[in-house]
Amino acid sequence: MSARHPLPPDLPTPAFSVGHAERAGVPAHRLRAADLNAEVAGIRSFRHDLSLPERCALFQLRLAPESFFSHSTAAVLHNMPVPYEMATDGRVHIAFPAPHRAPHARGIAGHSLQVEAHDLMTLSTGLRVTTPLRTWFDLAHSLALLDLVAAGDALIHWRRPLVDALDLADALGRPLNRRVRRKLRHAGELLNDRSESAPESILRAILELAGLPVSGVNHVVTDEFGEFVARTDLVIDRYRIILEYQGDYHRTTKGQWRADMTRRAKLEAQGWRLMELNADDLRNPAELVRRIRALAQLPRLATPLVGLPSET
């Protein structure tokens, strides 16, 4: 097999337009070669293993200046959590301001959105996106309540807030679709700036919807002498219950399971009852609540809890 014709060294990296390459004398057959990424029509990249921001940069080279990234694509670019199936969807969400029509092309989920100047921003990478707050509002059309709470918690996290809590409260007063406004306001009532992860946010929201009194989020437990015992995910102090969400690293990280065992023993020695949970436990919130109520020795509910889904 003959070697591929080398490309001119002055082509932009990591991507360039077909028109730029043709003007530089690159023949059409070379631009169709398998070593170039051609997922965006009219654009070529030297790499195939592109991250989402790099893929977005390819699309932005192709699109008109008024376009911007929105919905789950903007959420990922802002490091806002979205469900796995959204985060791994190969499509890039691209929008144009109304009344422009939504774009349609391979690899794109297109939108036409009514936006104001304050709804858009440019990231340090040069990508044009909806602001974190507008992104959260757009996600409300497709996210379930619990996932919307998880994304909203990331907006106001106390260490790295993406939006001021007062600005969020003011924005919830905007005129919106009635169904979406109701969901956003419900989610807004459940937000907490101390959650460290999406599963923690979802777990806390489940408890609050069930009327179980969460008294501490990422709470430090001390002994009778005020000495540190452990930092815990969620505390229901009234029933001396601690709920801990355990990601896979708790079973795969060397030594972590031993540390978890010691930590559990210390908490139980202080009179706490510890319930360790994982992703499977969050799939059926109603059943999880029944278990927690049983641990708290609360009576079984005669009717289902309003607003609590039987499954996420």
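Hi everyone. Let me start in the sheet: I242 has L274 in β11 as its bridge partner. A quick reminder before I go on: this is a predicted model.

So, that pair of strands. β10 and β11 run parallel to each other, and five bridges hold the pairing. On β9, β10 has an antiparallel partner, joined to it by three bridges. There, L234 is the residue that stands opposite L243 of β10. The hairpin made by β9 and β10 has four residues between its strands, and R240 in that hairpin takes a positive phi near 55°. R240 also does something with its side chain: the charged end sits over the ring of W272, 3.8 Å from the ring centre. If you like that kind of arrangement, there is one at R194 too, where the charged end sits over the ring of W158, 4.2 Å from its centre.

Staying with β10 for a moment, which of its faces are covered? Both of them: I241, L243 and Y245 are buried on one side, and I242 and E244 are buried on the other. That fits the overall count, with five of the five residues of β10 buried.

Next, a helix that packs against this region. α13 spans residues 285–295, and its buried residues are P285, L288, V289, I292 and R293. Why do these residues line one face of the helix? Looking down the axis of α13, the buried residues fall within an arc of 135°, so they line one face. The general background is familiar: an α-helix has 3.6 residues a turn, so residues three or four places apart point the same way. And what covers those buried residues of α13? The list includes β9 (228–236), β10 (241–245) and β11 (273–277), along with the helices α7 (145–155) and α10 (198–209). After α13 comes Q297, with a positive phi near 60°.

Now to the core. The largest nonpolar core has 48 residues, and those with the most contacts inside it are W136, L148, L184, I236, L243 and I292. You'll recognise L243 from β10 and I292 from α13. The helix that gives the most to this core is α7, with seven residues. W136 deserves a closer look: setting aside neighbours within four places in sequence, its contacts include M80, L148, A151, G152, L155, L168, L172 and L184. Also among the contacts of W136 are A187, G188 and L191. Apart from this core lies another one, of 18 residues, with C56, F59, L77 and F96 among them.

Last topic, the aromatics. How many aromatic pairs does the structure hold? Two. One is F16 with F46, a tilted pair at 5.3 Å centre to centre, with 55° between the planes. This pair links distant parts of the chain: F16 is in strand β1 (residues 15–17), F46 is in the loop between β2 (43–45) and α3 (52–62), and they are 30 residues apart. Are the two partners buried or exposed? F16 is buried, with a relative accessible area of 1%, while F46 is partly exposed, at 32%. The other pair is W136 with F137, edge-to-face, at 6.0 Å centre to centre and 65° between the planes. Both W136 and F137 are buried.

That's the tour. Thanks for listening, and I'm happy to go back to any of these spots.

Key: Residues numbered from 1 in each chain as written. Predicted model: local features only at pLDDT ≥ 70, side-chain atom pairs only at ≥ 80, totals over all residues. Heavy atoms only, no water. Buried < 20%, exposed > 50% of the residue type's maximum accessible area, 1.4 Å probe, protein only. Helix = DSSP H or I, 4+ residues; strand = E, 2+ residues; numbered from the N terminus. Arc of directions from axis to C-beta. Contact = heavy atoms within 4.5 Å. Phe/Tyr/Trp six-rings, centres within 6.5 Å; stacked < 30°, edge-to-face > 60°. Lys NZ or Arg CZ within 6 Å of the ring centre and 35° of its normal. Pairing = 2+ DSSP bridges. Core = buried A, V, L, I, M, F, W, Y, C linked by side-chain atoms within 4.5 Å.
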